[in-house]
Amino acid sequence: MKKTVLASVIASAFFISGNAAAQQTLQLAHNAAEGNPKWDASELFAELVEEGTNGELIVDVGGNAQYGDDMEAITQMRMGTLAFSTNSQGSTSSVVPQFSILGLPFLFNSLPSAWEVMDGEVGDELKRLSEEKGLVLLALWDNGIRHVSNNVRPIETPDDLEGLKIRTPPDEMTVDIFEALGANPTPMNFSELYIALEQGVVDGQENPLMNIYSSKLHEVQDYISLTGHKYESTPLLMSKMVWDTLSPEYQEVIQQAAVEAGEFNRQASLEADDALRSKMEEAGVAFNEVNPEPFVEATSSVYDQWAEEYPELVEMVVNAAQREAQ
């Protein structure tokens, strides 16, 4: 009897150990706060991967830059020490600069038109360029159309930005746009932004309303001006070193989960603006609409700058955007 019990214990221990060996945990980093569509979609992605692999792949999601900010995540993925990142367009462009082209000023007049462009040949080209840098582009999620907030005055014309210190992501395109508008762009990691605004290190910043609200930036900003000056994607990236270790079956599950969670993310982003504007107005933030024409005119030189460096891709993106706008 004792021998049978001992054998059962050993067998159980082996079974548990065997499961632990078969189960693999992969970390996913992002910088968003709870309640942001990026946060919710990342959690959904993790659920879909675990479900699709019968629990053999676990995605451990670290939001609020728990596993490092976006720039750190890019570096770690290229080294193979981090599996995934729901990253930002700006940080991704530090390694694959062509991502910035999606943020040409006033390129898209709606979120669905941006998605149509990204889901075509433009997305295919960005995927190819990413792989050359050790990154697998699983999907292009949404990070909204961006607006300006600040503590000095409403932004009604480009002249109102003159001399203002505006935090931007570490993204050349956004810097170029705000230099063209006469502001003083100040690249800074998103995780540092709230304190920088609170302490007056910068006068303002630019983000979609969902990021402003979920990270409570409206608590330390008086004005939000609906400039709609640029669009940004949220690239869901994976380390190519980690990707190459997985079976084709696991790769297919991950790819499908990325697309499905991305559809959720996009829809949540689309629904965010109206509801969030009213909530922030109730909190005391003053909103104002802007006439885009003088802003479009002031930033036209940005197209020339980028077309000179990446003529074929700029032409591809602009032509696709124009087709969607018709």
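**Entry 1: H2 against H11**

I looked up which residues of H2 meet H11 in this predicted model. On the H2 side I noted Pro37, Lys38, Asp40, Ala41, Leu44, Phe45, Leu48, Val49 and Gly52. On the H11 side the partners are Val253, Ile254, Ala257, Ala258, Glu260, Ala261, Phe264, Asn265, Ala268 and Ser269. H11 itself covers residues 248-282.

Next I took the geometry. Two packed helices are described by the angle between their axes and the distance between the axes. For H2 and H11 the angle is about 150 degrees, and the axes are 8 Å apart. Angles over 145 degrees count as roughly antiparallel, and H2 and H11 are therefore roughly antiparallel to each other. I logged the crossing of H2 past H11 as right-handed.

**Entry 2: H5 against H14**

I ran the helix-pair lookup on H5 and H14. Their axes come within 9 Å and cross at roughly 135 degrees. That makes H5 oblique to H14. H5 passes H14 in a right-handed crossing. In the contact list, Ser113, Glu116 and Val117 of H5 meet Ala320, Ala321 and Glu324 of H14.

**Entry 3: nonpolar cores**

In soluble globular proteins, nonpolar side chains tend to be buried together. I therefore asked which residues touch the most other members of the largest nonpolar core. That core has 50 residues, and the answer is Ile101, Leu104, Leu126, Leu161, Phe178, Tyr231 and Trp306. I then listed the elements that give two or more residues to this core: helices H3 (70-79), H5 (111-118), H6 (121-132), H7 (172-180), H13 (300-309) and H14 (311-325), with strands S4 (135-150) and S8 (223-239). H14 supplies the largest share, six residues.

I followed Ile101 further. With its neighbours within four places in sequence left aside, Ile101 is in contact with Leu107, Met173, Trp306, Tyr310, Leu313, Val314 and Val317. Apart from the largest core lies another one, of 26 residues. I noted Ala41, Leu236, Met238 and Ile254 among its members. Two of these names, Ala41 and Ile254, I had already written down in the contact list of H2 and H11.

**Entry 4: aromatic pairs**

How many aromatic pairs does a search of the whole structure find? The search returns three, and I wrote up two of them here.

Phe45 and Phe84 form an edge-to-face pair, 5.2 Å centre to centre with 80 degrees between the planes. Phe45 sits in H2 (residues 37-52) and Phe84 in strand S3 (residues 84-86), so the pair ties together parts that are 39 residues apart in sequence. Both Phe45 and Phe84 are buried.

Phe108 and Tyr231 also form an edge-to-face pair, at 5.7 Å centre to centre and 85 degrees between the planes. Phe108 is in the loop between helix H4 (89-92) and H5, Tyr231 is in strand S8, and the two are 123 residues apart. Are these two rings buried or exposed? Buried means under 20% relative accessible area. Phe108 counts as buried because its relative accessibility is 8%, and Tyr231 counts as buried because its value is 2%.

**Entry 5: positive phi**

I checked backbone phi outside glycine. Most residues other than glycine have a negative phi. Asn64 has a positive phi of about 55 degrees. Ala65 likewise has a positive phi, near 60 degrees. Asn64 is placed in the loop between strand S2 (57-62) and H3, and Ala65 is placed in the loop between S2 and H3.

**Entry 6: Gln27**

I looked up Gln27, which is in strand S1 (residues 24-29). Gln27 is partly exposed, with a relative accessible area of 30%. Neighbours within four places in sequence aside, Gln27 is in contact with Asp60, Tyr67, Leu82, Ala83 and Phe84. For Gln27 and Tyr67 I also took the C-alpha to C-alpha distance, which is 8.2 Å across 40 residues of sequence. Phe84 is the residue I had recorded as the ring partner of Phe45.

**Entry 7: His218**

My last lookup was His218, in the loop between helix H9 (209-214) and S8. At a relative accessible area of 12%, His218 is buried. Not counting residues up to four places away in sequence, His218 touches Ile212, Tyr213, Met280, Ala283 and Val285.

Definitions and conventions. Residues are numbered from 1 along each chain as its sequence is written. This is a predicted model: local features need pLDDT of at least 70, side-chain atom pairs count only at pLDDT 80 or more; totals for chains, interfaces and linings use all residues. Side-chain values use heavy atoms; hydrogens and water are left out. A nonpolar core is a set of buried Ala, Val, Leu, Ile, Met, Phe, Trp, Tyr and Cys residues joined through side-chain atoms within 4.5 Å. Buried means under 20% relative accessible area, exposed over 50%, partly exposed in between (1.4 Å probe, protein chains only). Helices (H or I, at least four residues) and strands (E, at least two) are DSSP runs, numbered from the N terminus. Contact means heavy atoms within 4.5 Å. Rings of Phe, Tyr and Trp (its six-membered ring) pair if their centres lie within 6.5 Å; planes under 30 degrees apart count as stacked, over 60 as edge-to-face and the rest as tilted. Axes are lines fitted to C-alpha atoms, for helices over the stretch in contact, and angles run from 0 to 180 degrees between N-to-C directions. Angles under 35 degrees count as roughly parallel, over 145 as roughly antiparallel, 65 to 115 as roughly perpendicular and the rest as oblique. A crossing is left-handed if the near helix is turned anticlockwise from the far one by less than a right angle, and right-handed if clockwise.
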